[in-house]
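Q: Please take a close look at one part of this model, the nonpolar core, and describe how the elements around the core are arranged. A connected account would suit me better than a list.

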Amino acid sequence: MAVWSIFEGKLSISHFPSQPTKNLHTALGNFTIPYWVLHSIDNILNGFRTSKLHRFKHPDVENWALVTGASDGIGEGFAHELAERGFHIVLHGRNPEKLQKKQALLKTAYPAVKTRLWIADAMQDVSKEELMEAVRGLHLTLLINNVGGLPPGVDPYIALDDQSFGHIDRTVHMNVGFATKLEAALLSVLSENQPSCILNISSLATLGSPYVSVYAGSKGYINAHSLSLQYELWGRGKDILVHSILVGKVNSNSFSGEQAFTTPSSRVMARATLDNLGLGRCVMTPYLPHLLQASAFSILPEFLARRFMWDAVVASMKENREGKIKKS
Ligand SMILES: NC(=O)c1ccc[n+]([C@@H]2O[C@H](COP(=O)([O-])OP(=O)(O)OC[C@H]3O[C@@H](n4cnc5c(N)ncnc54)[C@H](OP(=O)(O)O)[C@@H]3O)[C@@H](O)[C@H]2O)c1
């Protein structure tokens, strides 16, 4: 049987593939089509399901959330969204003056909400006691490990062989060490206060991102770690929800690109995350345009994915630099 096709701009006639190729296509179709149909139905149904955030707001007690990196960007977005939903908040950051200003803004917007400040540099090692002190005496039900990114003072995009070992260590500690140790220190509290929740902020950089390979690798750790921890806690009979949140481009202090459909504000990103808690998988992409980007990307063959990512990162570098120039 013959079919018409267009190849390199020329209309040509060709034959249907041979039997083994046809069998392979059928086998692939048998798996891929139901997978995509079920996946799409699940995503559509999520639009009608309601977030499980209410499970972490216990009756007759003051419920607290700890948000790391809360003085700016997505962390500040989480603080405002949680305050709006009646949580009291421990605001973590490294700059006391900036954090106090953000605390005052929160107080003005939500007078009934209580806040506590916790100052610690996420690039430095911290003791278990210091981490536990941050929430001493509070009924903590929600931990948001948001702090992350790249050490300040340098262009965020650097070839691996141009990075100092100190820079590599600081990147890994800020994105991996700090979050993991905080979980380890606070698990007993979250366990006492179950049902409770841990949100670890990851990145779509895990799809493969030139010039930020250490950062992307650290976020890959966050995904695998969150999934493993979720399984471990489930097996130990703990009612502690763990999510790794895949974030694409977001307008924040660290990314100065213009807001757009695929680049939401930090507040919108935080809202999308809280609205989707407990829905979908442990590692999830709660902001729909980011999910569409990631899904489209995941079906590309690797030679196209590589090309696409290279172009996307080069465009982001330009967008970020231009945004920083505009801001300054
Ligand atoms: N924005 C994006 O496009 C994007 C994309 C993917 C993933 N993410 C992830 O989202 C999370 C938040 O990023 P963001 O863009 O909102 O960042 P951001 O706007 O730069 O805010 C980062 C927050 O963390 C604090 N912080 C930074 N370094 C710290 C340190 N060493 N010790 C203590 N606090 C520190 C900052 O404090 P100061 O106010 O003192 O600086 C600020 O409060 C990160 O995990 C990031 O990897 C962001």
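A: In this predicted model, the largest nonpolar core has 60 residues, and those with the most contacts inside it are Ala65, Leu66, Val67, Ala79, Ile89 and Leu143. Helix H5, which spans residues 165-192, gives the most to this core, with six residues.

Three of the residues just named, Ala65, Leu66 and Val67, lie in strand S3, which covers residues 64-67. From this strand Trp64 and Leu66 point one way, whereas Ala65 and Val67 point the other way, and all of them are buried. S3 pairs in the parallel sense with strand S4 (residues 88-93) over four bridges, and in that pairing Leu66 stands opposite Val90. Between these two strands the chain passes through H2, and the resulting β-α-β crossover is right-handed. S3 is also joined by four bridges to strand S6 (residues 140-145), and these two strands likewise run parallel; here Val67 of S3 stands opposite Ile144 of S6.

Leu143, another of the residues with the most contacts inside the core, can be followed towards other parts of the chain. If its neighbours within four places in sequence are left aside, Leu143 is in contact with Leu66, Leu182, Glu183, Leu186, Leu190 and Ile198. The partner Leu66 belongs to the S3 group that points the way of Trp64, while Ile198 falls within the residue range 196-201 of strand S7.

Strand S7 in turn pairs in the parallel sense with strand S8 (residues 240-245) over six bridges, and the bridge partner of Ile201 in S8 is Ile245. Together, S7, helix H6 (residues 213-235) and S8 make a right-handed β-α-β unit. S8 is mostly covered, with six of its six residues buried, and the covering applies to both faces, with Ile240, Val242 and Ser244 on one side and Leu241, His243 and Ile245 on the other. Two bridges join S8 to strand S9 (residues 283-284), again in a parallel arrangement, and Ile245 stands opposite Met284 there.

A contrast to these buried strands is offered by Ser191, whose place is in helix H5. Ser191 counts as partly exposed because it has 14 C-beta neighbours inside 10 Å, a number that falls between the limits of 12 or fewer for exposed and 20 or more for buried. Leaving aside neighbours within four places in sequence, Ser191 is in contact with Lys238 and Ile240, and the latter residue is one of those buried in S8. The C-alpha atoms of Ser191 and Lys238 are separated by 6.7 Å, although the two residues are 47 apart along the chain.

Helix H2 (residues 73-84), through which the chain crosses from S3 to S4, also gives the most to the shell around the ligand, with three residues. Of the 29 residues around the ligand, Gly69, Gly73, Gly148, Asn253 and Ser254 come nearest, and the residues of the shell divide into ten nonpolar, 14 polar and five charged.

As for the protein in which this core sits, the secondary structure comes to nine helices and nine strands, and 34% of the 328 residues count as buried. Among contacts between residues at least 6 apart in sequence, 70% join residues at least 24 apart.

How values were computed
Residues numbered from 1 in each chain as written. Predicted model: local features only at pLDDT ≥ 70, side-chain atom pairs only at ≥ 80, totals over all residues. Near = placed C-beta within 6 Å. Nonpolar A, V, L, I, M, F, W, Y, C, P; charged D, E, K, R; others polar. Contact = placed C-beta atoms within 7 Å. Pairing = 2+ DSSP bridges. Right-handed = clockwise from strand over helix to strand, strands pointing away. Core = buried A, V, L, I, M, F, W, Y, C linked by C-beta atoms within 7 Å.
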